[in-house]
Amino acid sequence: MTLAAAVKQRAGELGFLACGITDPSPIPEPERLDWWLTSGYAGVMRYLHRQARKRKDPRLIIPEAKSVVVVLDNYYNGETDPGPPPRVARYARGEDYHRVTRERMEPLADLLRSHGAAVAHTFADSGPVPERALALRAGLGWIGKNTMLIRPGAGSFFFIGTIFTDLALAQDHATVTDHCGSCTRCLEACPTDALVAPGVLDATRCISYLTIEQKGPIPEPLAARFDGWVFGCDICNEVCPWNQRFAEAGPEGAHRPRDTFVGAGPDLFERMDQDEFDRRFGDTPLERAGLQGMRRNFRAAFG
């Protein structure tokens, strides 16, 4: 068995949805990122401007890297309804996924090290890594009109993790055909019209951006369309036929949701001080928005 095959086998044993291998060469059509940034669609996410060179040329991220192992980590828990407000995106209902997914990748990194890798650096939605472009090149799916990576027979409820290694591994060259076809459900369902064209997201109108990245007040015309979402949004994933038909619950316990907001009222965070927020949410994605951000989000979502 080749090392590449052993890595994929081990990824399956660890419960990853899929695993592919590519190289860190420049991504195709890098000018699209430049156009998106100059169009102002990144909003206050200035770090994307600073990271642009590395996002267009992953060789600059880890100069020693010769291969990139890409895994898909399923976070879907089987719930088909987002439930009543307050609504939190599925990926943010448990422990901080950055940490969880990176920890789940460590055995794969250890396998590479045991075969002589001096470099086996893991990333999970962190750093200047163009995860979707690398996953696309590794044959793990196609990028849909909602800008998500969609995997045939699985959907898009997963995190993308990468391991940059200095080992030269056999790479995957299969290309997954775009199966969105004439479907425009995601574009039509977005309550804030953030998907301005197929595959083009105006982040400044996206509920996820407004409840997480934006630090100032949420524009009232957009807040009026939140429909109870207080952190992130699942709508463009929920309406996707590939999720409706194929999404299945991931490994038990990997990304278990907490009953954080069961029965929560509009004043949950108004009654909370910083110590309590840190104790209850310091190890979750909600920490990024912070106590003041969550107060703002609840006010917007509950009017």
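**Exercise 1. The chain as a whole**

Among contacts in the protein chain between residues at least 6 apart in sequence, what percentage join residues at least 24 apart? Describe also the overall dimensions and burial of the chain.

*Solution.* The structure is a predicted model.

Step 1. Of the contacts between residues at least 6 apart in sequence, 75% join residues at least 24 apart.

Step 2. The protein chain holds 13 helices and ten strands. Its radius of gyration is 19 Å, close to the 19 Å given by the globule rule for 303 residues, so the chain is as compact as a globular protein of that length.

Step 3. The C-alpha trace spans about 55 × 40 × 40 Å along its principal axes.

Step 4. Buried residues account for 53% of the 303 residues. The accessible surface of the chain is about 14000 Å², and 50% of this belongs to carbon and sulfur atoms.

**Exercise 2. The four-stranded sheet**

Determine the strand order of the open sheet of four strands, and identify its edge strands.

*Solution.*

Step 1. The order is S1-S2-S7-S4, and the pairing is antiparallel. In general, strands of a sheet pair through backbone hydrogen bonds, either parallel or antiparallel.

Step 2. S1 and strand S4 (120-124) each pair on one side only, and they are therefore the edge strands of the open sheet.

Step 3. From one strand to the next, the twist averages 20 degrees.

Step 4. S1 and S2 run antiparallel and are joined by five bridges; Val 70 in S2 is the bridge partner of Gly 20.

Step 5. S2 also pairs with strand S7 (residues 158-165), in the antiparallel sense and over eight bridges. Here Leu 72 stands opposite Ile 160 in S7.

Step 6. Helix H5 packs on the sheet, where it touches S2, S4 and S7. The direction of H5 makes about 160 degrees with that of S4.

**Exercise 3. The faces of strand S1**

Assign the buried residues of S1 to the two sides of the strand.

*Solution.*

Step 1. Five of the five residues of S1 are buried, the cut-off being under 20% relative accessible area.

Step 2. Ala 18, Gly 20 and Thr 22 lie on one side. Cys 19 and Ile 21 lie on the other.

Step 3. Both faces of S1 are thus covered.

**Exercise 4. The buried side of helix H1**

Which residues of helix H1 (residues 3-13) are buried, and against which elements do they pack?

*Solution.*

Step 1. The buried residues are Leu 3, Ala 4, Ala 6, Val 7 and Ala 11. These residues lie on the same side of H1, because they cover an arc of only 160 degrees around the axis.

Step 2. Their packing partners are strand S1 (18-22), strand S2 (67-74) and helix H5 (97-114).

Step 3. H1 lies across S1 and S2 and runs at about 155 degrees to S1.

Step 4. Just after H1, Gly 15 takes a positive phi of about 95 degrees.

**Exercise 5. A residue in a loop**

Is Thr 284 buried or exposed? Locate the residue and list its contacts, leaving aside neighbours within four places in sequence.

*Solution.*

Step 1. Thr 284 is in the loop between helix H12 (274-281) and helix H13 (290-302).

Step 2. The relative accessibility of Thr 284 is 5%, and the residue therefore counts as buried.

Step 3. With neighbours within four places left aside, Thr 284 is in contact with Gly 94, Glu 95, Asp 96 and Arg 258.

Key: Residues numbered from 1 in each chain as written. Predicted model: local features only at pLDDT ≥ 70, side-chain atom pairs only at ≥ 80, totals over all residues. Heavy atoms only, no water. Buried < 20%, exposed > 50% of the residue type's maximum accessible area, 1.4 Å probe, protein only. Arc of directions from axis to C-beta. Contact = heavy atoms within 4.5 Å. Pairing = 2+ DSSP bridges. Axes fitted to C-alpha atoms, helices over the stretch in contact; angles between N-to-C directions. Rg over C-alpha atoms; globule rule 2.2 N^0.38 Å. Areas by Shrake-Rupley, 256 points an atom, 1.4 Å probe, with all protein chains shown as cover.
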